[in-house]
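Me: I am new to this structure. Please pick one part, look at it closely, and set it in the context of the rest.

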Amino acid sequence: MGKLIADYSMYGRTYFFKRLGLFLAGLLVMAFGGSLMIQSSMGTATWDVLHIGLANLTPLSIGAWVQIIGIIMIAIACWMEREWPQVGSILNIILVGLFLDMWLLLPIAE
């Protein structure tokens, strides 16, 4: 984390934390949209269909499957590119799964 903040030294720490806040807000809104699509029963994105199907077959939640499949996909991409993943990629997968489960637990579309 120290290296990440040091990379933004010419902009200052507040710039880094503003960007981090916008990143987190974007993930929260994206997960909200995904949860509304899932709860609408009018169709959903192709990857979400996979996550919903796996969640129906196992005791794991949709968000947990988002994280599992996402980490597998990142691992495959890293293996093919022969480089380590970026921090934002890992945060994206973990937080979208958590935020999606959070939104799906709320009685929004009942």
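Reply: A residue is called buried when its relative accessible area is under 20%, exposed when it is over 50%, and partly exposed in between (1.4 Å probe, protein chains only). This is a predicted model, in which local features need pLDDT of at least 70 and side-chain atom pairs count only at pLDDT 80 or more, while totals for chains, interfaces and linings use all residues. Residues are numbered from 1 along each chain as its sequence is written, and side-chain values use heavy atoms, with hydrogens and water left out.

First, the setting. The chain has five helices and zero strands; helices (H or I, at least four residues) and strands (E, at least two) are DSSP runs, numbered from the N terminus. Of its 110 residues, 25% count as buried. Confidence is given by pLDDT, the predictor's score for each residue from 0 to 100. The chain averages 87, and 89% of the residues score at least 70. Helix H1 (residues 2–7) has the lowest confidence, with a mean of 55, and H4 the highest, at 95. Where pLDDT is low, the predicted coordinates should not be read in detail.

The part chosen here is helix H3. Helix H3 covers residues 46–57, twelve in number, and at 1.5 Å a residue it should span 16 Å; its end C-alpha atoms are 17 Å apart, which agrees. The expected span is 1.5 Å times one less than the number of residues. Asp-48, His-51 and Ala-55 are the buried residues of H3. Seen down the helix axis, the buried residues of H3 fall within an arc of 60 degrees, so they line one face. That arc is taken from the directions from the helix axis to the C-beta atoms. An α-helix has 3.6 residues a turn, so residues three or four places apart point the same way. The buried residues of H3 pack against helix H4 (62–81). On the face turned away from the buried side are the exposed residues Thr-46, Asn-56 and Leu-57.

Before H3 comes a loop from H2, and Ser-41 lies in it. Phi of Ser-41 is near 60 degrees, a positive value in a residue other than glycine. Most residues other than glycine have a negative phi. Ser-41 is exposed, with a relative accessible area of 68%. Arg-82, in the loop between H4 and H5, also has a positive phi of about 60 degrees and is not a glycine. Arg-82 is exposed too, at 69%.

H4, the packing partner of H3, also takes part in the largest nonpolar core. Such a core is a set of buried Ala, Val, Leu, Ile, Met, Phe, Trp, Tyr and Cys residues joined through side-chain atoms within 4.5 Å. This one has 13 residues, and Leu-27, Ala-31, Ile-62, Val-66, Phe-99 and Leu-100 touch the most other members. Helix H2 (13–40), H4 and helix H5 (87–105) each supply at least two residues of the core, and H5 gives the most, with five. Leaving aside neighbours within four places in sequence, Leu-27 is in contact (heavy atoms within 4.5 Å) with Leu-91, Asn-92, Leu-95, Val-96 and Phe-99. Over the chain, residues 24 or more positions apart account for 59% of the contacts with a separation of 6 or more.
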